Amino acid sequence: MTERERRAVLWGSIMILGIVGLRVLPGAMGRMRARQASVQTLAGVVGRMRRDLDAMDALTDSVRLVRSELVGLDSTLLDAHTEIGANGELSLRMRSFADRFVLDMQRIVPITDTTLAPPFRRAALAASFECDSRGLLRMLRAAATEPPVLDVTSLDIAATDPGSDPSLPEVLRVEIVVGGWYLDKPELP
Amino acid sequence: MRPQLSLHLEGGHLLAELRSHRELTWSAGCAVAGADDLESAIIEMGQLPAVHDAKAEIWIAIGEPVLQSRSLHDMPHLSTTDLRLLVGRHSDRYFRKNGVSLVTSARWEQRAQRLRSWRARAVAIEEPWVSAVERGSERAGLRLRSIQPVGQPQLILQSSQSQATQLVRHRRECRRLALAVLLAWLAAFAVLMLRQQSDLAWLQEEEARLTEPARAVSDAERRMHEASVAIATVRQSAQRRGSALRTLASVLAALPDSAYLTTFHWTADGAGAMTGAAPDAASMLASMEGDAALEGPRLDGAAVRDSVNGFVHQRFSIKFGRARP
């Protein structure tokens, strides 16, 4: 190899090393760093997934418990799975109270209740009726004790003729809002 | 530590000593008339089992008359390297040449340097002697560690050919070392990249395998949580039932004889209002205040005296529950 050739090889090597050092190497390092970050992120995700799967046994126990608790709630819920059905059930209950406690039912209007606790939904209705205080108290007692759970959220009472002769029959005008829970989706988790 | 074959050439006599761990294990001596004799002697020593098997390293000290030693005064103040170059270039000025080239070396003498009198010690040996030592060592298969003048252990003598060979060898070793380091780094980089790639592939595979089961578990957990919240909500609602009845019963119990209500309003947050008439609104209010079912009962405005059917009453308006801002 002549001196001229040797110099050419030397400068060529320096150029190649320069390009590798200044262009290729930083790019490769950047790619490696990005890949390392991906590896770490993925490792975290996979680790979380494994932990979730390891907790499967505990979850199964919890599902069993919740299932039994849901079954235990059966008597507190309205016997319906739709809003219309639940309103019908509520309406039926109110009419039953009217028959049993001599309430002069004048109006029953379903109210849109947006309260939601999946898988349960809430249905409510407003009722107006006239009665005496005894009938009202018996009706409220029945709502508070008999299944399903009826939740009175508003109560307005007005005496039509207060202070009148005690021998005359007492007439109270009552407006009440009653709600209850029903299972929106019949299937259990 | 390798055994050491120390050769001492002085006054035409060569003394050889083989030391292993600083203990003398073998020694011999012979007369040496010329460079060829020295080469032959070294080759013969190398063939001796005691020396050859031990793979000893040769250290040789050469004295007079082969060695020429000079004390040089008033030398220009140079570095040691430059001093050696100067002595080498002008060896014919300082030493006898006898028509052969010389191998020289030099050093500054410290004591003289401290006294600012630049004095150097220069030594020279005819190159055939040095070449004979180097050739002999090579042919005997022994490694030559150094050729030193007797009494000047800091000076090393080396033929120009040996220097050139050593320089070439040194450069080659440096190149090889640099190449090896570069290749090692490249190999490490490649291994790291490959390992990263395989890790990434394995993790992606694992993620794909676990995604569906993990999503199912996560979905079940979410639904479980929702169901638990829902159960708690319905239970709270069940515990709250009867609040209207309890409040109304408390109000009715607090009403004295001949008192009555005209209106009653109640909401699920426990707030409400009532109007009516009683003989003494203040005492009625006091009896209501002790009842847990009524939170914070208070008169809404002053009680107004009124007479109904011959009875004197106070008309009142009472609010209860948390006052709204």
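Let me start with B:Ser69, whose bridge partner in strand S7 of chain B is B:Val123, and I should say at once that what we are looking at is a predicted model. That pair belongs to a longer ladder, since S5(B) and S7(B), the latter covering residues 120–126, run antiparallel to one another and are joined over six bridges.

If we step back from that pairing, we find an open sheet of three strands in chain B, ordered S5-S7-S6 and paired in the antiparallel sense. Its edge strands are S5, residues 67–72, and S6, residues 102–108, each of which pairs on one side only. Neighbouring strands in this sheet are turned against each other by 20 degrees on average, with direction ignored.

Now for the helices that meet this sheet. Helix H3 of chain B, residues 80–89, packs on the sheet and touches S5, S6 and S7 of chain B, and the direction of H3 makes about 145 degrees with that of S6(B). Helix H6 of chain B, which spans residues 127–140, lies across S6 and S7 of chain B, and H6 runs at about 70 degrees to S7(B).

Finally, a word on cysteines, as somebody at the bench is likely to ask about them. How many disulfides does the structure hold over all chains? The count is zero. As for individual cysteines in chain B, B:Cys30 has a relative accessible area of 27% and is therefore classed as partly exposed, and B:Cys174, with a relative accessible area of 38%, is likewise partly exposed, because that class lies between the buried limit of under 20% and the exposed limit of over 50%.

Technical notes. Residues are numbered from 1 along each chain as its sequence is written. Chains are lettered from A and ligands numbered from 1 in the order in which they are written. This is a predicted model: local features need pLDDT of at least 70, side-chain atom pairs count only at pLDDT 80 or more; totals for chains, interfaces and linings use all residues. Side-chain values use heavy atoms; hydrogens and water are left out. Two strands pair if DSSP finds at least two bridges between them. Helices (H or I, at least four residues) and strands (E, at least two) are DSSP runs, numbered from the N terminus. Axes are lines fitted to C-alpha atoms, for helices over the stretch in contact, and angles run from 0 to 180 degrees between N-to-C directions. Contact means heavy atoms within 4.5 Å. A disulfide is a pair of cysteine sulfur atoms within 2.5 Å. Buried means under 20% relative accessible area, exposed over 50%, partly exposed in between (1.4 Å probe, protein chains only).
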